[in-house]
Amino acid sequence: MAVSEDVLAAYGIPVIPDPADAASRKRQAIIDAALTEFLAEGYSAASMDAITARSGVSKATIYKHFGSKERLFLAVVGGILPKTYADLEPTNSTVAAAPDLRAALVRLTTDWARILLRPDIMSLRRLVIGEIDRFPQLGQLWYRVSYDMNNGPLVEAFTELGARGVLDVPDPKLAVQQLVAATVGVPQLVRTFSPEAEIDDAELERTIASGVDLFLARYAAAGA
């Protein structure tokens, strides 16, 4: 589910068009250089001189395209947030139709965790957390993107499974939050605050499977 330009605008995020001509290619060079600098230094310590040097574009051109360091930061980070879950397939239909619900949930949350634990996603997450007081709209946008692309489809799936008597879920939204916390949330929390922490495949699989079993112990309908 793509995030529309209207949604980005509602959060005060400048919309960056796809590069199609020379001016757009310069804009993309600025974006790439700025993202590298912001991820490495954070907002306050990031240098417009360094971004200029990295991009090969003049500082005057950077300000012409973006107006200010603040707008550049919002445009770069806000523009990439909707793409963080692009590798995840829609989950409402696949989970609801799965012949083996446990296996489907393990596969889904494992795929989800592998994406969230990627170094680029973790770095972006830490950057947004670190700047949440200055740019609260980025935190709000990340929550919106996460819900629309991940939690929301699972809420739909659990609602359907509840109607079919496969799950007993009085509150599907809460059930999704609990599943995420017990599976994806565990390794994500560790890696967020301990970037060098090793989470091998065996540990990840054990954590995910245990979390799914905990979820099903609470929500699997009797006799299902």
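Student: Before we start, how are the angles between helix axes defined here?

Tutor: This is a predicted model, and its axes are lines fitted to C-alpha atoms, for helices over the stretch in contact. The angles between N-to-C directions run from 0 to 180 degrees.

Student: Okay, so how do H7 and H9 lie relative to each other, roughly parallel or roughly antiparallel?

Tutor: Take helix H7 (residues 101-116) and H9: their axes come within 13 Å and cross at roughly 175°. Angles over 145 degrees count as roughly antiparallel. So H7, set against H9, is roughly antiparallel.

Student: Which residues of H9 make that contact?

Tutor: On the H7 side you'll find Leu 101, Leu 105, Leu 108 and Trp 112. Their counterparts on H9 are Asn 150, Asn 151, Leu 154, Phe 158 and Leu 161.

Student: Which helix gives the most to the largest nonpolar core?

Tutor: That core has 64 residues, and Leu 72 and Phe 158 touch the most other members. With 10 residues, the top contributor is helix H9 (residues 136-163).

Student: Which residues does Phe 158 contact, beyond its neighbours within four places in sequence?

Tutor: Start with Val 95, Leu 105 and Leu 167. Then add Val 169, Pro 172, Ala 175, Val 176, Leu 179 and Phe 215.

Student: Why do the buried residues of H3 line one face of the helix?

Tutor: In helix H3 (residues 48-55), the buried residues are Met 48, Ile 51, Thr 52 and Ser 55. An α-helix has 3.6 residues a turn, so residues three or four places apart point the same way. Seen down the axis of H3, the buried ones line one face because they fall within an arc of 100°.

Student: Which residue follows H3, and has a positive phi?

Tutor: At the start of H3, a side-chain oxygen of Ser 47 comes within 3.1 Å of the backbone nitrogen of Asp 49. After H3 comes a residue with phi near 75°, and that's Gly 56.

Notes
Residues are numbered from 1 along each chain as its sequence is written. This is a predicted model: local features need pLDDT of at least 70, side-chain atom pairs count only at pLDDT 80 or more; totals for chains, interfaces and linings use all residues. Side-chain values use heavy atoms; hydrogens and water are left out. A nonpolar core is a set of buried Ala, Val, Leu, Ile, Met, Phe, Trp, Tyr and Cys residues joined through side-chain atoms within 4.5 Å. Buried means under 20% relative accessible area, exposed over 50%, partly exposed in between (1.4 Å probe, protein chains only). Helices (H or I, at least four residues) and strands (E, at least two) are DSSP runs, numbered from the N terminus. Contact means heavy atoms within 4.5 Å. The arc is that of the directions from the helix axis to the C-beta atoms. A polar contact is a pair of N or O atoms within 3.5 Å; within protein, one must be able to donate a hydrogen and the other to accept it, and residues adjacent in sequence count only if both atoms are side-chain atoms. Angles under 35 degrees count as roughly parallel, over 145 as roughly antiparallel, 65 to 115 as roughly perpendicular and the rest as oblique.
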